Amino acid sequence: MKKFRFQLETLLKVTRMQKDRAEVAFAEVSRRLEEERQQLRQYLEEMQQGHKDYDDIIAARRMTVGTLMTYNSFFDWKRRQIEAQQEQIIQTKAEQQKKLRELMEVMNELKSIEQLKEKRRREYIEEMLAEEQKMLDEIGLNLYMRQAD
């Protein structure tokens with residue numbers, strides 16, 4: 001009895017490697033997105049702390065023109081950082097969606113090939129069982145013919 005051999009085994013292996021690479025790429029961009037979100041949270045906390053400090057200075061009546069200009073520059077700089085970070089997050093989300101689509105495509109292709117392999121394996125088993133049954137029938141017929149003689 002010959003061993004089952006799937007003709008597209010090489011394609012199956014290549015597709016599995018593509019899936020692994022797509023998973024790694026998706027995980028990398030997801031990790032980067034989380035880091036960028038964390039950076040945005042830090043910028044927002046710094047802005048909030050700056051506002052608190054600013055409010056404390058105003059409440060203590062220690063505001064000078066220099067201090068006012070310094071805080072004004074700080075808030076402007078933080079707003080620019082926050083806007084840039086938000087834009088970066090939008091771009092990274094788009095990249096993440098692209099990597100997810102690529103991963104889904106490879107997974108669908110892999111699933112199709114694996115289903116085809118399973119179908120071919122079942123056909124092989126049915127063929128082997130039919131062949132085995134045929135041999136058993138021939139043996140039984142030969143034994144019957146010998147007994148009849």
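Begin by selecting Arg121, which lies in helix 2. The model on display is a predicted one. Arg121 is partly exposed, its relative accessible area being 33%. Now add Phe6 to the selection: 115 residues separate Phe6 and Arg121 along the chain, yet their C-alpha atoms are 7.8 Å apart.

**The whole chain**

Zoom out and colour by secondary structure. Two helices and zero strands make up the secondary structure of the chain. The radius of gyration is 35 Å, well over the 15 Å that the globule rule gives for 149 residues, so the chain is more spread out than a compact globule. Aligned to the principal axes, a box of roughly 125 × 25 × 15 Å holds the C-alpha atoms.

A surface representation may be switched on at this stage. The accessible surface of the chain comes to about 11600 Å², and carbon and sulfur atoms account for 53% of that area. Of the 149 residues, 19% count as buried. Colouring by charge brings up 29 positive and 29 negative charges, whose mean positions are 2 Å apart.

**Helix 1**

Select residues 9-59, which form helix 1. This helix has 51 residues and reaches 75 Å from its first C-alpha to its last, close to the 75 Å expected at 1.5 Å a residue. Which residues of helix 1 are buried? Show the side chains of Leu12, Thr15, Lys19, Ala22, Val29 and Leu33, which are among them. Further along helix 1, the buried residues also include Glu36, Leu40, Tyr43, Met47, Gly50 and Ile57. The cover over the buried residues of helix 1 includes helix 2, residues 65-148.

Next, move to Arg61, which follows helix 1. The phi of Arg61 is positive, near 60°.

**Helix 2 and its contacts**

Return to helix 2 and select Gln96, which has its place there. Is Gln96 buried or exposed? Gln96 is buried, because its relative accessible area is 15%, under the 20% cut-off for that class. Which residues does Gln96 touch once its neighbours within four places in sequence are left aside? The contacts are Phe26, Val29, Ser30 and Leu33. Two of these residues, Val29 and Leu33, appeared above in the list of buried positions in helix 1.

To finish, display the contacts across the chain between residues at least 6 apart in sequence. Of these, 87% join residues at least 24 apart.

Methods:
Residues are numbered from 1 along each chain as its sequence is written. This is a predicted model: local features need pLDDT of at least 70, side-chain atom pairs count only at pLDDT 80 or more; totals for chains, interfaces and linings use all residues. Side-chain values use heavy atoms; hydrogens and water are left out. Helices (H or I, at least four residues) and strands (E, at least two) are DSSP runs, numbered from the N terminus. The radius of gyration is taken over C-alpha atoms; the globule rule is 2.2 Å times the number of residues to the power 0.38. Buried means under 20% relative accessible area, exposed over 50%, partly exposed in between (1.4 Å probe, protein chains only). Contact means heavy atoms within 4.5 Å. Accessible areas come from the Shrake-Rupley method with a 1.4 Å probe; for residues, only the protein chains shown count as cover. Lys and Arg count as positive and Asp and Glu as negative; His and the chain ends are not counted. The place of a charge is taken as NZ of Lys, CZ of Arg, CG of Asp or CD of Glu. The expected span of a helix is 1.5 Å times one less than its number of residues.
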